[in-house]
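Please read the following report alongside the sequence and the structure. It takes up one sheet and its surroundings, then turns to the chain as a whole.

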Amino acid sequence: MEFLATAGGTVGLIALILFVLFIVIIVVRAVQIVPQSRALVIERLGKFHSVMYAGLHLVVPFLDRIASRVDLREQVTSFPPQPVITADNVVVSIDSVIYYQVNDPMHATYEIANYIQAIEQLTITTLRNVIGSLDLEATLTSRDNINAQLRGVLDEATGRWGIRVNRVELKAIDPPPSIQHAMEQQLRAERDKRAAILTAEGVRQSQILKAEGEKQSAILSAEGDAQAAVTRAQGEAEAIQTVFDAIHNGNPTPDLLSYQYLQMLPQIAQGDASKVWVVPTELTAALDAVAKGFGGSKN
């Protein structure tokens, strides 16, 4: 009897321990703490029940189940390079990056099985449609336009999945090596052309400036010569006027004028050039007057 009592006490203790453990498990499973920017999608008996956001929540053990844990922060996904054919039949390799955010955890859980894979495939398909309508040059120079078109299509398609596409970026657009070599040669030729044009413009401007400088120099030199000639002429005129005034004030006689003329003859005769003398009749009369003045006239 004592053994049975001891065995019964042990069984009761074990049952009590199991009951306590059961209660602890129920409490642990009933209490759910959701971190910030996270969400829990709860199902009750296999059917959607509610969405639990950040904070402390209670669920019914064995009846409620966590269907999915959803991250509500903005996320970025980089897709591997994809070969895309342009409108002029050039195959380019394009890397893309998608920035997206889950707005509705319930739709992201039940409307699409794997929204990451769905976004990737939708991005590739849309990218091929957009690039297929552009030639290579437009593809390389229209990234903003391509990004805007991709974002519009992706945002419209993913809206029913409870996902918002915030941004789409093309990391790299790589043409084939042969096309890259041809483009480098074209760019080099364009740079050489611009350099030659700039050099020619520089030479032209230099020649124009040089010609303008020579023109200004010639004009200034001519103006200086003209001014010097005017100054010399004015000086000579003033000298002549002074001499004339002096002679006029002195009331010279014909004898004096004839004598001055005779004094100037040696200076006029200087030089090796042959000279022709024209003696006016007035001068002859003046010479006669001079001769008479010196007593050369005898009767």
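Strand 7, covering residues 91–102, pairs with strand 8 in the antiparallel sense over ten bridges. Helices (H or I, at least four residues) and strands (E, at least two) are DSSP runs, numbered from the N terminus, and two strands pair if DSSP finds at least two bridges between them. The model is predicted, so local features need pLDDT of at least 70 and side-chain atom pairs count only at pLDDT 80 or more, while totals for chains, interfaces and linings use all residues. Residues are numbered from 1 along each chain as its sequence is written, and side-chain values use heavy atoms, with hydrogens and water left out.

Strand 7 also pairs with strand 6, where nine bridges join two strands that run antiparallel. Together they form an open sheet of three strands in the order 6-7-8, with antiparallel pairing. Strand 6 (75–85) and strand 8 (163–174) are the edges; each has a single partner strand, so one side of each is left without a neighbour in the sheet. On average, neighbouring strands of this sheet are turned by 25° against each other, direction ignored. Axes here are lines fitted to C-alpha atoms, for helices over the stretch in contact, and angles run from 0 to 180 degrees between N-to-C directions.

Some of the facing residues in this sheet are listed below.

| Residue | Opposite or bridge partner |
|---|---|
| Pro83 | Ser93 in strand 7 |
| Ser96 | Leu170 in strand 8 |
| Ile98 | Val168 in strand 8 |

How much of strand 7 is buried? Nine of its twelve residues are, so strand 7 is largely enclosed by the rest of the structure. Buried means under 20% relative accessible area, exposed over 50%, and partly exposed in between (1.4 Å probe, protein chains only). Ser96 belongs to strand 7 and is buried, with a relative accessible area of 4%. Leaving aside neighbours within four places in sequence, Ser96 is in contact (heavy atoms within 4.5 Å) with Thr77, Ser78, Phe79, Thr123, Glu169, Leu170 and Lys171.

The hairpin of strand 6 and strand 7 has five residues between the strands, and Asn89 there takes a positive phi near 60°. Thr86 lies in the loop between strand 6 and strand 7. Is Thr86 buried or exposed? Thr86 counts as buried, at 3% relative accessibility. The side chains of Thr86 and Asp88 are joined by a polar contact of 2.4 Å. A polar contact is a pair of N or O atoms within 3.5 Å; within protein, one must be able to donate a hydrogen and the other to accept it, and residues adjacent in sequence count only if both atoms are side-chain atoms. Apart from neighbours within four places in sequence, the contacts of Thr86 are Val92, Ile131, Gly132, Leu134, Asp135, Leu136 and Thr139.

Two helices lie across strands of this sheet. Helix 3 (residues 115–131) lies across strand 6, strand 7 and strand 8, and runs at about 40° to strand 6. Helix 5 (residues 143–158) lies across strand 7 and strand 8, running at about 145° to strand 8.

Helix 3 has 17 residues and reaches 24 Å from its first C-alpha to its last, close to the 24 Å expected at 1.5 Å a residue. That expected span is 1.5 Å times one less than the number of residues. At the start of helix 3, a side-chain oxygen of Asn114 comes to within 3.3 Å of the backbone nitrogen of Ile116. Which residues of helix 3 are buried? They are Tyr115, Ala118, Ile119, Thr123, Ile124, Thr126, Leu127, Val130 and Ile131. Their cover includes strand 6, strand 7, strand 8, helix 2 (105–110), helix 4 (136–141) and helix 5.

Another open sheet has three strands in the order 3-2-5, and its pairing is antiparallel. Its edge strands are strand 3 (47–52) and strand 5 (64–71), each pairing on one side only. Neighbouring strands of this sheet are turned by 25° against each other on average, direction ignored. Strand 2 (residues 38–44) and strand 3 pair in the antiparallel sense over five bridges, and in strand 3 the bridge partner of Val41 is Val51.

The chain contains eight helices and eight strands. Of its 299 residues, 22% are buried. Among contacts with a separation of 6 or more, 63% are between residues 24 or more positions apart.
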